[in-house]
Each structure stands twice: as structure tokens, then as C-alpha cells.
Amino acid sequence: MAKKRGEISAQLILTCLFLLVVSPAVTAFYLPGVAPRDFQMDDDLQVKVNKLSSTKTQLPYDYYFLDYCKPPAIMNSAENLGEVLHGDRIENSVYAFKMRRDETCKVGCRLKLNQESAKNFKEKIDDEYRVNMILDNLPVAVPRQRRDGSQTTYEHGFRVGYKSKDEKYFINNHLSFRVMYHKEPESDESRIVGFEVIPSSVKHEYVEWDEKNPKLKTCNENSKISSVSNTPQEVDADQFIVFTYDVTFQPSDIKWASRWDTYLLMTDDQIHWFSIINSLMIVLFLSGMIAMIMMRTLYKDISNYNQLDSQEEAQEETGWKLVHGDIFRPPVHSGLLCVYVGTGVQFFGMTLVTMIFALLGFLSPSNRGGLMTAMVLLWVFMGLFAGYSSSRLYKMFKGTEWKKITLKTAFMFPGIVFSVFFVLNAIIWGEKSSGAVPFGTMFALVLLWFGISVPLVFVGSYLGFKKPAIEDPVKTNKIPRQIPEQAWYMKPEFSILIGGILPFGAVFIELFFILTSVWLNQFYYIFGFLFIVFVILLITCAEITIVLCYFQLCSEDYHWWWRAYLTAGSSAIYLFIYSVFYFFTKLEITKFVSGILYFGYMLIVSYAFFVLTGTIGFYACFWFVRKIYSSVKID
């Protein structure tokens, strides 16, 4: 297994390097799972098996971790970087069909459970693990009728087994597959548009076991198995278990392009519209406040300041103009601010381009692992913009050690995230889960970081530092002005915490669906809604920072640089608090290790959200301050 993973990782590294070399020359491309495949009558169909997954533990396992029927040679299907990071392990299986040829009572194999394998099966049944299979890139689904009978819903994957009231464990050893196909009338070719399974537990009976031609008393080629009339198969050491399956092919009116609709059935799209309307209300409220500040207050202020005749009158004035001599004074830890702003620009670029690709349909769930791969590669290439923006800001602060700032930009955020990820990966590795990223893939990630991202950050920094420095609209005094005593509601701690509420309020409903798709194994595909919410988030972060910055300047406090970043960035605190609430109300995680994984990953997400929103707030405030101070005449 280790050797196999090493081979996959080596392939990944070569693939990444190959992509980098050929990508400028590529004009058309093929996405796996997007091009349809046509099948003739009796064509071979091979069912592939994916990981075992559980929403209770969040630890995926390789299908063959349990003692299931194995083919003569287990082969890994081609995996991309996103699939490996997501814990997918796609392999071949003993389940094989002939296109449009119904079959009953097919025997997979007979296995004898030892103590270890019986214990593993029982543990996985306890933790409600599900088996995931794939046919023609369609994941297997278990149809479930709603109680009112109105609609059929689909569950992803089938359960390993179930536990009876008297604490006995039973395994789902018989699978009834149903393959839906769409056939055009004028041709003999057909396309697979659905893949369902109904699992059942059956204790098979036979007179004498013949390995080459097994004959069962419980079923034959002419009769289907009924789970009602048969005794279920108990999981116990030294028990023989016979794995069987049958398959039926059913014509369907569903077109190939719509075959994913059953998996993506959205029953509550109204709540997304509610989310957007709720967010728009926040935006309108903030836009109204900004319009009032800009049109009435600022316009009046600027007119008054520009009409002042004498220096004495100017000294009697109060408000934001008084701090003009200190407003562009570099903040404390200005280098660190440059690093975080550069990282935020990198994150913003990655998010925006990923969203656009997702909107165009390139990153749909059918393109397995595509979203994660795109995000990693885009993050690496956006290093150019990170270096450029951090060095431009650093030069404005009259800094000279641009190489030091560049190194911090290239290593601080990725270094912290990679360290947390490495610790979490070691924990998953200790649990023998397939979710652990193999060493070779880790090496590929480090290669992308050091080989491409870091040099690009340096190139961006060099280009940014070569450009002339951004000129301040007003001169900075040599002696800093004393800041008057601030009211309690204008203190940094209070205004920063208040500032994060509205950006979080704009996204929290959509956040619920994203968390559900990540932690409850659902497909997330409503990127149109997500893009609208993302735009609303940008506007909200910008507006709330400008409003609070204006109030701060009016109370003669000119320490706005860090406060602008932290005001919008504090929404990440609320995101993390919400993730704690989600953990205790929506998830059924009981294992301590799974809890550590959840909070570890949510910490990384919150940190990334802080960097993104903080940078948006900072640039909005930066533009606002430059705009108002370049509009007044300063003697």
C-alpha cells in the first residue's frame, strides 16, 4: 500500500510540473466526468469503490480496510491532488456488469471473518460508516421515500451494516443495483444516467461450496433475493459470509446532462434567497450611512474647511481635519501589516478566480477533486500579487528591508497553516485513516510552495519595490499629536468587535450550507448564490470599515491602519464561534480525535477568513482616507 501511494505521489509531482510547462500552450481541455461515454449492448461495466465515510467520526477509510471481496489485483484509479487531499481512494472491485443485461444472484466471494476483521466491521457499523461506489463517474445513491410519500430523497453511499436492539451486528452483504440508462431512439448506444443500490443482509445457505461455480439455496439465477423472507447475516468471528449482488437496467427519460440533478436536489432554495435579501438589507443600511457621511457630513466639512480664512479659525475647528498631520504616520509593526495585506490579496485573488471557474461549471461535483486542486494551484500562482502589494505598501511606509518583508509574506501564513495541517495529518495517520495525506503528496505541496509560490512572491516584491512610492496627499508632522481621551464606545476593542458582526451576518446562512456540505458529506454546487454572497461580503466589509473609520477620525484618533484591518477581520471570530455552535447542534461527532480535527480545520478556515476580510476592510479605508484628505486645502 505504501509503495502504491508513493507511486501516486510521484505521478502527482510530475503531473503538476507537466501542467506548469504545458499550460500556456493549451487552448482546449478535457475535464474528467464531463465528457459523456456511450455504451453498446453487453459492454463491460466496472464498479469502482471509493472510501468508507462517516459523519460521526469524519475519518475516511480505504474500502479494503474492511474484509470485503478483493479482485485479483487492486488498482488505484488516476487521482488528482484534490482527491488525495479530500481522502478519496478510488479502486477497482469485484462488481462487474454487462450493459443492459439484467443479472440475479451473482456471487462476489465467500470470506471467513477472523477476530480482527469481525472487530473492524463492528466498529464501522457502530460509527455508521457508509460505503461509496462509483459507476461511470456517478456515485452510488440509496433511494429513500419520504414519510408523506411526496418525494424520493437520495443518501450518498450505503451503510456497512446495522445493529439490532439486542446488540447484535448484521452486515449488508447483498447489494441490489439499479442502473438507469438513456437511449436515443435512432442509435443502439446508451448513456448511464443513474446508479442506485438497495443493500440488505442475507445469511446465504448452500449444500457444498464450490469456488468455481457456487450454488446457493437462498437464491438462483431466476429468482431475486428477498431480504424479508431471509435470515440476516450476523457479524461474528469464524463466520463465513457470502457476498452477492444483482443488477437491473432501467430505461430513463433523464438526459445525460441532467444526471447529477438527483444528487443535487435542492429542496430549500427559498432560504438562499432569504439569505441574499437579508444580506442586501445590511448592505443597503450601510450604503445609506455612507451616502449620508459622504454627501452631507463630508461635503459640508470639506466646504467649511476650504472656506476658512485664518489659521486661528482652523485651530478652533474640531474633527477629522485636525489629525491631517498624523493621518499618514506609519503604524507600529508596519512590516507585519504589509505581510498580512499581501497575504489577503493573494487569498482574494484565489477566491475570486475559483468562484469564476465554479460559476462557469468547471468545478462541479462531477469533476471530483477539481475544486481543491484549483484552489491549491491558484494560491500558488497568486503569490505574485502578494509580493507586489506587500512591497508597495512597505515602500510607502519608507521601509528599506524589502527582502525581509518578502520572506515573511512568502512564509508566514502558509507556514502557520501548513504546521496546523501537518499536526492534524499526523493525528489522522495515527488513526490509520485514508484521509491522511501521504508523504509524497506532502512533498508535492512543499514543492509547489517552495518551487513556485516563493519565487513568484519575490518577483512580485521586486516589481512592486521598483515602482515609485505612493505619495501621501498631506505632509506628516515630525512630532505626533496627542490623542484625546476616547469615549468607551470609541475604544479599539469595542469598535473592532462591533465591526465584525455585520460582515458575518451577511454570510452566515450560506455558511451553514457550506459547513453541511463539508462535514455531512453533501454536494455543494450552488456557486451562483455563493458568488452573490461573496460580493455582498466584500461590500459589507468595505462599508462597515469606512463608517467606523470616519467616526474614529472625528474623535481625533489617527491610529487607523491596524484598526481598519482588524475591524473587518474580526468577523472571523464570529465565524469560529458559529462553528462551535454548529458542532454541538448539528454534528454527532463523539470521538475526541474527530473533535480535534473539526476544530483544527475550522481554525484554519477562520484564520483565512480573517486575512481575506481584513484586507478588504484595510483597502477600503485606505482609499477613503486618501480621498478625503486630498479633497481639503491644507496650509
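**Figure 1. A buried aspartate and its salt-bridge partner.** Asp136 has a relative accessibility of just 13%, so it counts as buried. This is a predicted model, and in it Asp136 pairs up with Arg37 in a salt bridge, with 4.0 Å between the closest N and O atoms. The two come from distant parts of the chain, 99 residues apart. Asp136 sits in the loop between β4 (130-135) and β5 (138-139), while Arg37 belongs to the loop between α1 (2-22) and β1 (44-53). Arg37 comes out at 48% relative accessibility, so it counts as partly exposed.

**Figure 2. Lys163 meets Glu167.** Here the side chains of Lys163 and Glu167 come together in a salt bridge, at 3.2 Å from N to O. How open is each partner? Lys163 has a relative accessible area of 35%, which makes it partly exposed. Glu167 reaches 52%, and since the cut-off for exposed is over 50%, Glu167 counts as exposed.

**Figure 3. Asp557 and Arg563, a buried pair.** Zoom in on Asp557 and you'll find Arg563 as its salt-bridge partner, the closest N and O atoms lying 2.8 Å apart. Both residues are buried: Asp557 is, and so is Arg563.

**Figure 4. Three residues in one network.** Back to Arg37 and Asp136, this time with Arg259 in the frame as well. Salt bridges with shared partners tie Arg37, Asp136 and Arg259 together into one network. Why do such pairs form? Side chains of opposite charge can pair when their charged atoms come close. Across the whole model, the count comes to 21 salt bridges.

How values were computed
Residues are numbered from 1 along each chain as its sequence is written. This is a predicted model: local features need pLDDT of at least 70, side-chain atom pairs count only at pLDDT 80 or more; totals for chains, interfaces and linings use all residues. Side-chain values use heavy atoms; hydrogens and water are left out. Helices (H or I, at least four residues) and strands (E, at least two) are DSSP runs, numbered from the N terminus. Buried means under 20% relative accessible area, exposed over 50%, partly exposed in between (1.4 Å probe, protein chains only).
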